[in-house]
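Work through the exercises below with the sequence and the structure side by side. Try each task yourself before you read its solution.

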Amino acid sequence: MQIKPDEITSILKSRIEGLDQGQAELTEVGTVLSVADGIARIHGLENCMSFEMLELPHDVTGLALNLESDNVGAVLFGPWEKIVEGDTVKRTGHLLDIPVGEQMLGRIVSPLGIALDGKGDIEVTERRPAEFKAPGVVQRQPVTEPMQTGLKAVDSMIPIGRGQRELIIGDRQTGKTAIAIDTIINNKDSDLVFVYVAIGQRMATVVGIAETLAEAGALDKVIIVAASADEAAPIKFLAPYAGAAMGEYFLYKGGHAVAIYDDLTKHAFAYRQMSLLLRRPPGREAYPGDVFYLHSRLLERAVKLSDALGGGSMTALPVIETQAGDVSAYIPTNVISITDGQIFLEPKLFNSGVRPAINVGISVSRVGGNAQISPMKKVAGRLKIELSQYRDLEAFAQFGSDLDPDTQRTLARGARLVKTLNQNEREPLAVGLQVVQVYAATNGFLDRIDVDRVDEFLVGLTQRVQSEDRALVDKIAGGDWSDETQDGLKKLIATYADDFGYDLDEEGQPLAEGESDRIVSRPAATNGAGEPGAESEAQEEAAGAAA
Ligand SMILES: Nc1ncnc2c1ncn2[C@@H]1O[C@H](COP(=O)(O)OP(=O)(O)OP(=O)(O)O)[C@@H](O)[C@H]1O
Ligand SMILES: [Mg+2]
C-alpha cells in the first residue's frame, strides 16, 4: 500500500488541532520543582493562567502568580509543609474564588472561607472570584447616603457615605480598630452588613473583637475574615480580596456592605515577603513595583452602583498603621492617594485624653458631605469654624486672664467643643442625638458650665430629650431642620440648662457658692439661653425671618 505524504500531513494536522481543543491533558499536570516558605516553583503547567487555582496533594491549594517561560511560581494555601519536590500539580482551569453567602454572618472564617470559630462547618453554595474587576464610571452613581459611624467627631466633620473609601490612619494603639468596631455596633439595627478583615493580628485579639461585637448584639451583622499573625504570607495577602468578595455578594444583590481592612500595612508586608520569595524585583522600601496597583485594585471595588444595577453599595474602611506619625512613608502615601479621605489619629491627642484621638484639622472626607443629613450639615459648619479658631489660639491659652475677652471666649468655647466631641468606645450615638449635643455646644449652652462637667451635662441632656421629646429627635434624624424644629430644640436645651445649673457667670468667672442656685431658679425668659452666642443667633434668625 502506498501512503501519500498529503494524507499523512492532514492526519497529523487534525490530531494536532484536536490537541488544541482542550484534550491536551498532559500539559495540565506539572511537577513541583522546589518549595519553600509557602512558595512553589512548578514545571509543566504550560497553559496556566495568572491567579488560577492549582491542586496539590494533601488538600493544598496553589495560586499561580508568576508565569515564567519554563516554570510557574505559585503561593500555597493549607499545610504546604507536606509538599515535596516532585509532587504532582493539577490545573483546575478556573481562577481563584471564595465561598460567599449570608451563612457566614456572625462567624470567623479564614480567607478561604473555612470556619475558624469552632462553631461547625459553614454550608455555602455560592462562590465569587477573589479578584473582580471594579465597576466603571457608567455603572456607578454618586455617593449620597450616609454611613453613620455613631462617632460625633466623624459623623459631623468627616462624614462617610455609602460607597466611599475612607482611610483610618494612625500610629499603633491610637484607637483605629475602635473606630471600626464602634461603626459596626452603631449599625447593628441598620441594613448594613460588615466584613471585618483582620490581617496579621493575633487570633486572641480577633476572638476578643468577636466577643465585643457579640456582647453589643452586633455579631450577626459581621463576617470576620481572619488571617492571623502566625499564618503564612499568602493567606494574609489573600485576606482582603476574600473579604471584598464576601462583601460583593451583598453588593451585587442590591444590599449595602462595609468592608474593613485592618490593616493594609500588614497586607503590604505580606505581599512584599511573597514577592521577594517569588524573586520579583524589589522597588522602593523593597516593595514590589505593583504594590500601589495591588491596593488600588482592592479599594476600587468599593462602589455605589447605579439603580439599573440594583443600587447596592460597598463602603471600604482600610486601616493603615504609621510609624511615629510618618504619613509620607511609601504605603501610607499610596493608600492616602487611593482613598476619598482619611481619619487621622494621633498619639499626642490620645495621650492628652481626646478620644477618639482624631486630628480634625488634617482629617478629611472628600465625598461624604453630600451624604450628610441636613441638620448635621448645618450644625457641623459652625462646629468646624469654631474648632479651627480654637486651634489657632490654643497656644495662647497659657496666658489665661491676660488675654482679651474675645480670645478668652473663643478658647472657652473651643475647650467645650473638644469635650463635646469626646466619646467613649463602644458608645456610639444615633445621629439625631449627635445633632442635639453639637447644637447645644455650638450655641453656647455649655459656655457657663465647667469643662469637667460637660460630659455630665450632655448625658443628662440626651436622656432628657429622649424622654421628653422623642419625636423631635426622630424628626431631626429624618432630616428636618425647619425653624420650628430648631426652636423646639433650643427651648428644650435652655430649660434643661437652667435645671442643670451654671458654674460660671456670663463673663466666664466662677460663681460664688450658692449663687448658682439663684440663677437656676431665675425664669428662662429673663435668663434667655444664658449666654451671648445663643441670643445673637436668636436675633440673627429673627432678622432672617423678617427678611
Ligand atoms: N474612644 C475611646 N475611649 C476610650 N478608650 C479607647 C477609645 N478608643 C480606643 N480606646 C482604647 O485605646 C486602646 C487602643 O485602641 P485600638 O486597639 O482600637 O487601637 P489600634 O490603633 O487599633 O491599635 P493597634 O495598632 O494595636 O491595632 C485600646 O485599649 C482601646 O480600648
Ligand atoms: Mg487595631
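**Exercise 1.** Determine in which sense strand 1 and strand 2 pair, and over how many bridges.

*Solution.* Strand 1 and strand 2 pair in the antiparallel sense over five bridges, where strands are DSSP runs (E, at least two residues), helices are DSSP runs too (H or I, at least four residues), and both are numbered from the N terminus. Two strands count as paired if DSSP finds at least two bridges between them. As one example, Val35 has Ala40 in strand 2 as its bridge partner. The hairpin of these strands has two residues between them, and in it Asp37 takes a positive phi near 50°.

The model is a predicted one, in which local features need pLDDT of at least 70 and side-chain atom pairs count only at pLDDT 80 or more, while totals for chains, interfaces and linings use all residues. Residues are numbered from 1 along each chain as its sequence is written, chains are lettered from A and ligands numbered from 1 in the order in which they are written, and side-chain values use heavy atoms, with hydrogens and water left out.

**Exercise 2.** Follow the other pairings from strand to strand, and find what kind of sheet they belong to.

*Solution.* Begin again at strand 1 (residues 29-36), which is joined by three bridges to strand 6 (residues 88-95) in an antiparallel arrangement; here Val29 stands opposite Lys90. Strand 6 is also joined by three bridges to strand 3 (residues 52-55), again antiparallel, with Leu54 opposite Arg91. Next, strand 3 pairs with strand 4 over three bridges in the antiparallel sense, and Leu54 has Gly62 of strand 4 as its bridge partner. The hairpin of strand 3 and strand 4 has five residues between the strands, and His58 there takes a positive phi near 60°. On the remaining side to be examined, four bridges join strand 2 (residues 39-43) to strand 5 (residues 72-77), which run antiparallel, and Arg41 is partnered by Gly73.

The sheet is a closed barrel of six strands in the order 1-2-5-4-3-6, with antiparallel pairing. Its neighbouring strands are turned by 45° against each other on average, direction ignored. Helix 5 (residues 233-251) packs on this sheet and touches strand 4 (61-67) and strand 5, its direction making about 85° with that of strand 5. For such angles, axes are lines fitted to C-alpha atoms, for helices over the stretch in contact, and the values run from 0 to 180 degrees between N-to-C directions.

**Exercise 3.** State how the protein chain is divided into domains, and how many residues of domain 2 are in contact with domain 3.

*Solution.* The division gives domain 1 (29-95), domain 2 (99-372) and domain 3 (378-543), with bounds that come from an automatic or database domain assignment. The centres of domain 2 and domain 3, taken over C-alpha atoms, are separated by 35 Å. Between these two domains, 22 residues of domain 2 are in contact with 20 residues of domain 3, contact meaning heavy atoms within 4.5 Å.

**Exercise 4.** Describe the largest pocket: which residues lie nearest its centre, and which helix gives the most to its lining?

*Solution.* The search uses a 1 Å grid over the protein atoms alone: a cavity is a set of points where a 1.4 Å probe fits but cannot get out, a pocket is an open set with protein on both sides within 12 Å along at least five of seven lines, and lining residues have an atom within 4 Å of a point. The largest pocket is lined by 29 residues, of which Gln173, Gly175, Lys176, Thr177 and Ala178 lie nearest its centre. Helix 3 (176-186) and helix 4 (203-215) are the elements that give two or more residues to this lining, and helix 3 gives the most, with six residues. Domain 2 and domain 3 each supply at least three residues.

**Exercise 5.** Locate the cis peptide bonds that join Asp262 to Asp263 and Arg355 to Pro356.

*Solution.* The bond between Asp262 and Asp263 is cis, with omega about 0°, and Asp263 lies in the loop between strand 13 (256-262) and helix 6 (264-277). The bond from Arg355 to Pro356 is also cis, with omega near -10°, and Pro356 is found in the loop between helix 9 (347-351) and strand 17 (364-365).
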